[in-house]
Amino acid sequence: MSKILNRILYVEDEPDIRLIAQMALEAVGGLTVIVCASGPEALRAAPASRADLLLLDVMMPGMDGPSTLKALRELPATADTPVIFMTAKVQAAEVAAYKALGAIDVIPKPFDPMELSAQIQRIWAAQA
(Lines give C-alpha, C1' and ligand atoms only; values in the text may rest on other atoms or scores of the structure.)
Protein backbone atom coordinates (compact mmCIF):
# COMPACT_ATOMS: atom_id res chain seq x y z
CA MET A 1 0.00 0.00 0.00
CA SER A 2 2.15 2.85 -1.26
CA LYS A 3 -0.64 5.38 -0.87
CA ILE A 4 -0.10 8.09 1.74
CA LEU A 5 -2.57 8.10 4.62
CA ASN A 6 -4.50 11.39 4.60
CA ARG A 7 -8.17 10.78 5.43
CA ILE A 8 -9.71 8.68 8.18
CA LEU A 9 -13.38 7.89 8.69
CA TYR A 10 -13.56 7.55 12.48
CA VAL A 11 -16.58 6.03 14.25
CA GLU A 12 -16.84 6.36 18.04
CA ASP A 13 -19.97 6.71 20.16
CA GLU A 14 -18.33 8.26 23.25
CA PRO A 15 -18.10 12.08 22.75
CA ASP A 16 -15.01 12.57 24.97
CA ILE A 17 -13.03 9.77 23.33
CA ARG A 18 -14.15 10.95 19.88
CA LEU A 19 -12.94 14.50 20.55
CA ILE A 20 -9.59 13.45 22.02
CA ALA A 21 -8.84 11.07 19.14
CA GLN A 22 -9.94 13.61 16.54
CA MET A 23 -7.72 16.31 18.05
CA ALA A 24 -4.81 13.88 18.30
CA LEU A 25 -5.13 12.72 14.71
CA GLU A 26 -5.61 16.20 13.27
CA ALA A 27 -3.30 18.33 15.45
CA VAL A 28 -0.54 15.80 16.10
CA GLY A 29 -0.89 13.63 13.00
CA GLY A 30 -1.91 16.23 10.42
CA LEU A 31 -4.67 13.95 9.17
CA THR A 32 -8.14 14.80 7.95
CA VAL A 33 -10.70 13.06 10.13
CA ILE A 34 -14.35 12.54 9.23
CA VAL A 35 -16.00 11.88 12.59
CA CYS A 36 -19.16 9.84 13.10
CA ALA A 37 -20.95 9.04 16.35
CA SER A 38 -22.61 5.82 15.17
CA GLY A 39 -22.65 3.10 12.55
CA PRO A 40 -25.67 4.56 10.72
CA GLU A 41 -23.97 7.97 10.63
CA ALA A 42 -20.84 6.34 9.18
CA LEU A 43 -22.91 4.68 6.46
CA ARG A 44 -24.31 8.08 5.48
CA ALA A 45 -20.89 9.77 5.54
CA ALA A 46 -18.83 7.01 3.91
CA PRO A 47 -19.70 7.50 0.22
CA ALA A 48 -18.51 11.14 0.22
CA SER A 49 -15.69 10.71 2.75
CA ARG A 50 -13.02 9.43 0.34
CA ALA A 51 -11.42 7.80 3.40
CA ASP A 52 -8.08 6.02 3.12
CA LEU A 53 -8.72 4.21 6.40
CA LEU A 54 -11.68 3.23 8.57
CA LEU A 55 -11.11 3.56 12.32
CA LEU A 56 -13.96 1.87 14.17
CA ASP A 57 -14.88 1.56 17.83
CA VAL A 58 -15.99 -2.01 18.57
CA MET A 59 -18.55 -1.52 21.33
CA MET A 60 -21.29 0.90 20.31
CA PRO A 61 -25.01 0.80 21.04
CA GLY A 62 -27.26 -0.44 18.27
CA MET A 63 -24.82 -1.02 15.43
CA ASP A 64 -21.46 -2.15 16.85
CA GLY A 65 -18.10 -1.92 15.08
CA PRO A 66 -18.22 -5.35 13.40
CA SER A 67 -21.78 -4.69 12.15
CA THR A 68 -20.73 -1.25 10.91
CA LEU A 69 -17.79 -2.79 9.05
CA LYS A 70 -20.04 -5.40 7.45
CA ALA A 71 -22.37 -2.65 6.19
CA LEU A 72 -19.48 -0.44 5.03
CA ARG A 73 -18.11 -3.38 3.01
CA GLU A 74 -21.37 -3.37 1.03
CA LEU A 75 -20.77 0.22 -0.13
CA PRO A 76 -18.58 0.66 -3.23
CA ALA A 77 -16.71 3.59 -1.61
CA THR A 78 -15.54 1.52 1.36
CA ALA A 79 -15.66 -2.04 0.05
CA ASP A 80 -11.85 -2.34 0.12
CA THR A 81 -10.88 0.43 2.55
CA PRO A 82 -8.48 -0.85 5.24
CA VAL A 83 -9.93 -0.92 8.76
CA ILE A 84 -8.50 -0.69 12.27
CA PHE A 85 -10.65 -1.43 15.30
CA MET A 86 -10.22 0.44 18.60
CA THR A 87 -11.38 -1.37 21.71
CA ALA A 88 -10.67 -2.23 25.32
CA LYS A 89 -11.41 -5.87 24.42
CA VAL A 90 -7.95 -6.99 23.30
CA GLN A 91 -7.58 -10.56 24.49
CA ALA A 92 -5.76 -12.67 21.90
CA ALA A 93 -8.95 -14.46 20.81
CA GLU A 94 -10.80 -11.14 20.47
CA VAL A 95 -8.02 -9.59 18.37
CA ALA A 96 -7.94 -12.70 16.20
CA ALA A 97 -11.71 -12.40 15.69
CA TYR A 98 -11.42 -8.73 14.64
CA LYS A 99 -8.65 -9.61 12.20
CA ALA A 100 -10.80 -12.45 10.83
CA LEU A 101 -13.41 -9.78 10.05
CA GLY A 102 -10.79 -8.00 7.94
CA ALA A 103 -9.13 -5.57 10.37
CA ILE A 104 -5.50 -4.84 9.58
CA ASP A 105 -4.91 -4.27 13.30
CA VAL A 106 -6.48 -3.43 16.65
CA ILE A 107 -5.58 -0.43 18.82
CA PRO A 108 -6.21 -0.96 22.53
CA LYS A 109 -8.18 1.53 24.60
CA PRO A 110 -7.30 3.55 26.47
CA PHE A 111 -4.90 4.92 23.86
CA ASP A 112 -2.17 7.55 24.23
CA PRO A 113 -3.41 10.64 22.31
CA MET A 114 0.16 11.82 21.65
CA GLU A 115 1.05 8.42 20.18
CA LEU A 116 -2.18 7.59 18.31
CA SER A 117 -1.32 9.05 14.91
CA ALA A 118 2.17 7.51 14.94
CA GLN A 119 0.65 4.15 15.92
CA ILE A 120 -1.81 4.35 13.01
CA GLN A 121 0.95 5.43 10.61
CA ARG A 122 3.06 2.39 11.66
CA ILE A 123 0.13 0.07 11.04
CA TRP A 124 -0.49 1.79 7.68
CA ALA A 125 3.18 1.48 6.66
CA ALA A 126 3.21 -2.21 7.53
CA GLN A 127 0.57 -2.70 4.81
CA ALA A 128 2.97 -1.51 2.10
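In which sense do β1 and β2 pair, and over how many bridges? I started here and found parallel pairing over 5 bridges. I note at the outset that this is a predicted model.

**Entry 1: the sheet**

I looked up two residues of β1 against β2. Ile8 has Val33 as its bridge partner in β2, and Leu9 stands opposite Ile34 in that strand. I then turned to the pairing of β1 with β3. These two strands also run parallel, joined by 4 bridges. Here I found Tyr10 opposite Leu55 of β3, and Val11 with Leu56 as its bridge partner in β3.

Next I wrote down the strand order. The sheet is open, has 5 strands and reads β2-β1-β3-β4-β5, with parallel pairing. Which strands stand at the edges? I noted β2 and β5, the latter covering residues 105-108. Each has a single partner strand, so one side of each lacks a neighbour in the sheet. On average, neighbouring strands of the sheet are turned by 20° against each other, direction ignored.

I checked the burial of β1 separately. In β1, 4 of the 5 residues are buried, so the strand is largely enclosed by the rest of the structure.

**Entry 2: helices on the sheet**

I followed the chain from β1 to β2. The connection goes through helix α1, residues 15-28, and the three elements make a right-handed β-α-β unit. α1 lies across β1, β2 and β3, and runs at about 170° to β2.

I did the same for α5, which spans residues 113-126. This helix lies across β1, β3, β4 and β5, at about 165° to β5.

**Entry 3: nonpolar cores**

How many residues does the largest nonpolar core have? I recorded 19, and the residues with the most contacts inside this core are Leu9, Leu54, Leu56 and Phe85. The elements that give it two or more residues include the strands β1 (7-11), β2 (32-36), β3 (53-57) and β4 (83-87). The helices α2 (39-49), α3 (65-73) and α4 (92-100) are also among them.

There is a second, separate core of 18 residues. I noted Ile84, Ile107, Phe111 and Ile120 among its members.

I then listed the contacts of Leu54, leaving out residues up to four places away in sequence. Leu54 touches Leu9, Leu69, Leu72, Arg73, Thr78, Thr81, Pro82, Val83 and Ile84. Of these, Leu9 is also named with Leu54 among the residues with the most contacts inside the largest core, while Ile84 belongs to the second core.

**Entry 4: Ser117**

Is Ser117 in α5 buried or exposed? I found a relative accessible area of 6% for Ser117; the cut-off for buried is under 20%, so this residue counts as buried. I also looked up what Ser117 touches beyond four places in sequence, and noted Ala24, Leu25, Val28 and Gly29. Of these contacts, Ala24, Leu25 and Val28 fall within the residue range of α1.

**Entry 5: Val90 and Ala97**

Val90 sits in the loop between β4 and α4. I recorded a relative accessibility of 35%, so Val90 counts as partly exposed. Beyond four places in sequence, Val90 touches Val95, Val106 and Pro108. I also took the C-alpha separation of Val90 and Lys109, which is 8.6 Å for 19 residues along the chain.

Ala97 is in helix α4. At 38% relative accessible area, Ala97 is partly exposed too. From Ala97 to Pro66 the C-alpha distance is 9.9 Å, with their positions 31 residues apart in sequence.

**Entry 6: backbone exceptions**

Before the last two checks I reminded myself that most residues other than glycine have a negative phi, and that most peptide bonds are trans.

Which two residues are joined by a cis peptide bond? I found the bond between Lys109 and Pro110, with omega at about 0°. Pro110 lies in the loop between β5 and α5.

The other check was Arg50. Its phi is near 50°, a positive value in a residue other than glycine. Arg50 is placed in the loop between α2 and β3. With a relative accessible area of 59%, Arg50 is exposed.

How values were computed:
Residues are numbered from 1 along each chain as its sequence is written. This is a predicted model: local features need pLDDT of at least 70, side-chain atom pairs count only at pLDDT 80 or more; totals for chains, interfaces and linings use all residues. Side-chain values use heavy atoms; hydrogens and water are left out. A nonpolar core is a set of buried Ala, Val, Leu, Ile, Met, Phe, Trp, Tyr and Cys residues joined through side-chain atoms within 4.5 Å. Buried means under 20% relative accessible area, exposed over 50%, partly exposed in between (1.4 Å probe, protein chains only). Contact means heavy atoms within 4.5 Å. Two strands pair if DSSP finds at least two bridges between them. A crossover is right-handed if, with the strands pointing away from the viewer, the path from the first strand over the helix to the second runs clockwise. Axes are lines fitted to C-alpha atoms, for helices over the stretch in contact, and angles run from 0 to 180 degrees between N-to-C directions.
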